[in-house]
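Take a moment to look at the fold below. Then let us walk through it, one piece at a time.

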Amino acid sequence: MKQQIAYGLALSGGGARGASHIGVLKALDEAALKPSWIAGTSAGALAAGLYASGLEISEMEETVHYLSRWGKHYLDPQYKAMAALIPRLLSGRPLTLSGLLKGNRLQSYFCILTGGKKLDEALLPLVIPAVDLNTGDTVAFTNVENPEKMPHVQWEWEARLCEAMMASASFPAVFSPRRMGSRLLVDGGVAANLPVRLLKRAGAGPVLAVDVGNAYDPPRDDSLPEVVTHSFSIMSRRLKDCSSLGEAFLLTPPQPEGAGLLTFDTMEMSMKMAYSYTIKKLPSIRAALQTAGSYACSQ
């Protein structure tokens with residue numbers, strides 16, 4: 001029997017490319033390398049939340065299969081606000097469009113999948129970051145008691161898993177911000193697209209990170225979603241380049257051509273490619289986690 005390794009898994013944002021996280025989790029599960037802590041931002045928050053809720057890997061695969069076919073039915077455009085955008089802009093009146101999509105249908109779907117569980121009902125230590133536009137701080141949803149303090153980070157324990165997941169995945173300009181009490185929350189990737197540091201401050205040992213937003217492809221056109229998502233991708237890469245995150249090992253699964261924010265049709269291929277990629281990386285992953293774990297224990 002292979003030795004159990006206690007480690008944290010940090011999952012990045014990346015839109016529909018986040019289906020890769022399910023392929024990674026499947027490969028790790030088959031290799032008896034289940035994470036002891038998990039964190040996720042944006043698309044990574046969706047995968048982390050589903051996993052922490054107790055969903056089986058096979059059920060998560062079925063979710064990817066389902067969304068690849070029917071995901072667009074869960075998009076709820078703000079038709080009224082969009083129709084009023086140009087007249088308001090031309091007349092100088094305040095704009096009312098906070099995002100192209102409301103995000104309510106997707107949140108309801110994830111509430112069903114997670115059984116409406118609250119953060120404190122998650123099955124393993126969890127961190128899901130979003131950003132509060134009212135304060136500029138990261139709001140780190142967690143079930144971990146007494147995480148270490150961090151500058152410009154507010155730890156939050158009161159929310160349903162699905163609420164935290166959707167807040168973290170509310171990509172600016174595409175999805176409307178999520179209102180939670182006095183907070184106005186947007187995508188956690190604005191501040192921490194790969195939440196390694198947050199996970200370590202929550203007590204995780206060595207961290208395996210999965211970055212599905214690492215590769216950069218030029219936009220397919222100059223439409224609003226393409227311009228916004230590619231600008232956001234560049235910003236996220238610059239943030240990551242500015243500092244060392246401290247993961248023990250970094251996975252960067254390859255992506256199918258054209259995979260982007262809402263390309264539901266590419267999700268199955270992203271998942272399959274990530275699974276095959278992770279299988280090949282398993283010896284390196286195990287060695288890196290064992291080495292990092294031994295080093296941490298010797299300090």
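What follows goes from the whole chain to its helices, then to a strand and a loop, and ends at a serine.

This is a predicted model. The chain has 299 residues, and 53% of them count as buried. It holds 9 helices and 11 strands. Now consider which residues touch. Take the contacts with a sequence separation of 6 or more. Of these, 73% join residues that are 24 or more positions apart.

Start with the helices. Two packed helices are described by the angle between their axes and the distance between the axes. Keep both numbers in mind for each pair.

Helix H1 covers residues 20-30, and helix H3 covers residues 57-70. Their axes come within 10 Å and cross at roughly 160 degrees. An angle over 145 degrees counts as roughly antiparallel, so H1 is roughly antiparallel to H3. The crossing of these two helices is left-handed. Which residues make the contact between H1 and H3? From H1 come Ile22, Leu25, Lys26 and Asp29. From H3 come Ile57, Met60, Glu61 and Val64. Sort these residues by class and you find 5 nonpolar, 3 charged and no polar ones.

H1 also packs on helix H2, which spans residues 43-52. Here the angle is about 40 degrees, and the axes are 9 Å apart. Angles under 35 degrees count as roughly parallel, and 65 to 115 as roughly perpendicular. An angle of about 40 degrees falls in neither range, so H1 is oblique to H2. The crossing of H1 and H2 is right-handed. On the H1 side, the contact uses His21, Ile22 and Leu25. On the H2 side, it uses Ala43, Gly44, Ala47 and Tyr51. This contact has 5 nonpolar residues, 2 polar ones and no charged ones. Look again at Ile22 and Leu25: they take part in the contact with H3 and also in the contact with H2.

Now move on from H2 to helix H6, residues 161-168. The axes of H2 and H6 come within 8 Å and cross at roughly 165 degrees. That makes H2 roughly antiparallel to H6. Their crossing is right-handed. H2 contributes Ala45, Leu46, Gly49 and Leu50, while H6 contributes Leu161, Met165 and Ser168. By class, there are 5 nonpolar, 2 polar and no charged residues.

Next, the strands. Find strand E5, residues 138-142. Is E5 largely enclosed or exposed? It is largely enclosed by the rest of the structure, because 5 of its 5 residues are buried. In a regular strand the side chains alternate between the two faces of the sheet. Check this on E5. Thr138, Ala140 and Thr142 are on one side, and Val139 and Phe141 are on the other. Both faces are covered.

E5 has strand partners too. Strand E4, residues 126-132, pairs with E5 in the antiparallel sense over 5 bridges. Isoleucine 128 stands opposite phenylalanine 141 in this pairing. E4 and E5 form a hairpin, with 5 residues between them. In the turn, glycine 136 has a positive phi of about 80 degrees. Strand E6, residues 153-156, pairs with E5 in the parallel sense over 4 bridges. There, alanine 140 stands opposite tryptophan 155.

Now follow the loop between E5 and E6. Most residues other than glycine have a negative phi. Two residues of this loop go the other way. Asparagine 146 has a positive phi of about 55 degrees, and it is found in this loop. Histidine 152 lies in the loop as well, with a positive phi near 60 degrees. Are these two buried or exposed? Over 50% relative accessible area counts as exposed. Asparagine 146 has 71%, so it is exposed. Histidine 152 has 60%, so it is exposed too.

Finish with serine 270. It sits in helix H9, residues 267-298. Its relative accessible area is 0%, so serine 270 is buried. What is serine 270 in contact with, leaving aside its neighbours within four places in sequence? Its contacts are Ala16, Arg17, Ala19, Ser20, Gln255, Pro256 and Ala259. Find these residues in the model and you can see what surrounds this serine.

Key: Residues are numbered from 1 along each chain as its sequence is written. This is a predicted model: local features need pLDDT of at least 70, side-chain atom pairs count only at pLDDT 80 or more; totals for chains, interfaces and linings use all residues. Side-chain values use heavy atoms; hydrogens and water are left out. Buried means under 20% relative accessible area, exposed over 50%, partly exposed in between (1.4 Å probe, protein chains only). Two strands pair if DSSP finds at least two bridges between them. Axes are lines fitted to C-alpha atoms, for helices over the stretch in contact, and angles run from 0 to 180 degrees between N-to-C directions. A crossing is left-handed if the near helix is turned anticlockwise from the far one by less than a right angle, and right-handed if clockwise. Contact means heavy atoms within 4.5 Å. Ala, Val, Leu, Ile, Met, Phe, Trp, Tyr, Cys and Pro count as nonpolar, Asp, Glu, Lys and Arg as charged, and the others, Gly among them, as polar.
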